[in-house]
Amino acid sequence: MRNNRVNTVFLAILTLIAVGAVIKIAKPVILPLVIAWLVSYLFTPLVDLLKKIKVPLGPAIVVILLLVLVLCLLIGLFVQSGINAFSSSYKVYEARLDNLLLDKLRNLFAADAEYESLVTKFAKQLNWGEMVGSIVQTVSGSMVSLVSNLVMVLVFLVFFLLGRPFINVKLEKAFSPENAQRIMSVQNSITSQIGHYLSLQFVLSLVTGICVYLALLLIKVEFAVTWGVLAFLLNFIPAIGSIVATVPPILIALVQYTTPLQAIITFFVLLTIQMGIGNFLGPKLYGDSLHLSPLVVLISLLFWGWLWGPIGALLSIP
């Protein structure tokens, strides 16, 4: 009996590893399917609303597809304009950052000529272009992958939206009344919680992006629109997303102005926005209905981020 339990445990571990390997290898197909499945939760209430006002299912889905395309187009235009503006000014900021770092390190080791010489060599060897370029390349690769899978996402989304009204009928025919009712209850609970989370997270991310944009606009930090869109997108990633979103505008403010005062103001303003929305507004809107464990959130973030990269981190909570 004990041997059977041990065998079952090891078999479960091997099965988990095998399933993880299949999911990672089949990412080009599974990822658009998962994205479409989650997006369908966002737009199902809109489909139900259109059906209530006597709009047929086909035209309702066409409206949904047009809405998705418009949203993707707007996000793409914002990201492209931000990247273009940043790329055109990057050389200037790179030179300013090199000079700022070199001056600070020279002042720190001004008493020792040997250390000052080493600092000068070290600063000259720093390749900011390569460092920033690798980050931009990673983010751009994820965006290109997402855009390239957009057609597949839309195709899967059509089938999800077409089939959703008939799921309960199919379950009633496939299972006994008791089992069908139990499955429908679980399915409705999952649908409600995922839809609730995605809707609220979209609203919170949008509010965060707008607040970041307006705050940086008042502080007069350059590329405020870009950092607002970045805050909106990264706010979907739990825990680390908001931290990552605050770093670029603080660095820009540090390099843009000769004194660190603007960078300090930017840091505290962005910290106030993120803490206020994340620790006060968010919990009040979410309430206790989702019962999200911080440990499970962290493990999910690490696992799906490792498995599917930045897109996996975005999808980790649902």
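# Helix α8: a salt bridge, a patch and a neighbour

Me: At what N to O distance do the side chains of Glu 178 and Arg 182 meet in a salt bridge?

Reply: Glu 178 and Arg 182 join their side chains in a salt bridge (a side-chain nitrogen of Lys or Arg within 4 Å of a carboxyl oxygen of Asp or Glu). This is a predicted model: local features need pLDDT of at least 70, side-chain atom pairs count only at pLDDT 80 or more, and totals for chains, interfaces and linings use all residues. Residues are numbered from 1 along each chain as its sequence is written, and side-chain values use heavy atoms, without hydrogens and water. The N to O distance is 3.3 Å.

Me: Is Glu 178 buried or exposed?

Reply: Buried means under 20% relative accessible area, exposed over 50%, and partly exposed in between (1.4 Å probe, protein chains only). Glu 178 has a relative accessible area of 58%, so Glu 178 is exposed.

Me: Which helix gives the most to the nonpolar patch?

Reply: Patches are made of residues with over 30% relative accessible area and no salt bridge, joining like charges within 9 Å and nonpolar side chains (Val, Leu, Ile, Met, Phe, Trp, Tyr) within 5 Å. The nonpolar patch here includes Phe 202 and Leu 281. Seven of its residues come from one helix (a DSSP run of H or I, at least four residues, numbered from the N terminus), and that helix is α8.

Me: Are α7 and α8 roughly parallel or antiparallel to each other?

Reply: Helix α7 packs on α8 at an angle of about 150°. Angles under 35 degrees count as roughly parallel, over 145 as roughly antiparallel, 65 to 115 as roughly perpendicular and the rest as oblique. Therefore α7 and α8 are roughly antiparallel.

Key: Accessible areas come from the Shrake-Rupley method with a 1.4 Å probe; for residues, only the protein chains shown count as cover. Helices (H or I, at least four residues) and strands (E, at least two) are DSSP runs, numbered from the N terminus. Axes are lines fitted to C-alpha atoms, for helices over the stretch in contact, and angles run from 0 to 180 degrees between N-to-C directions.
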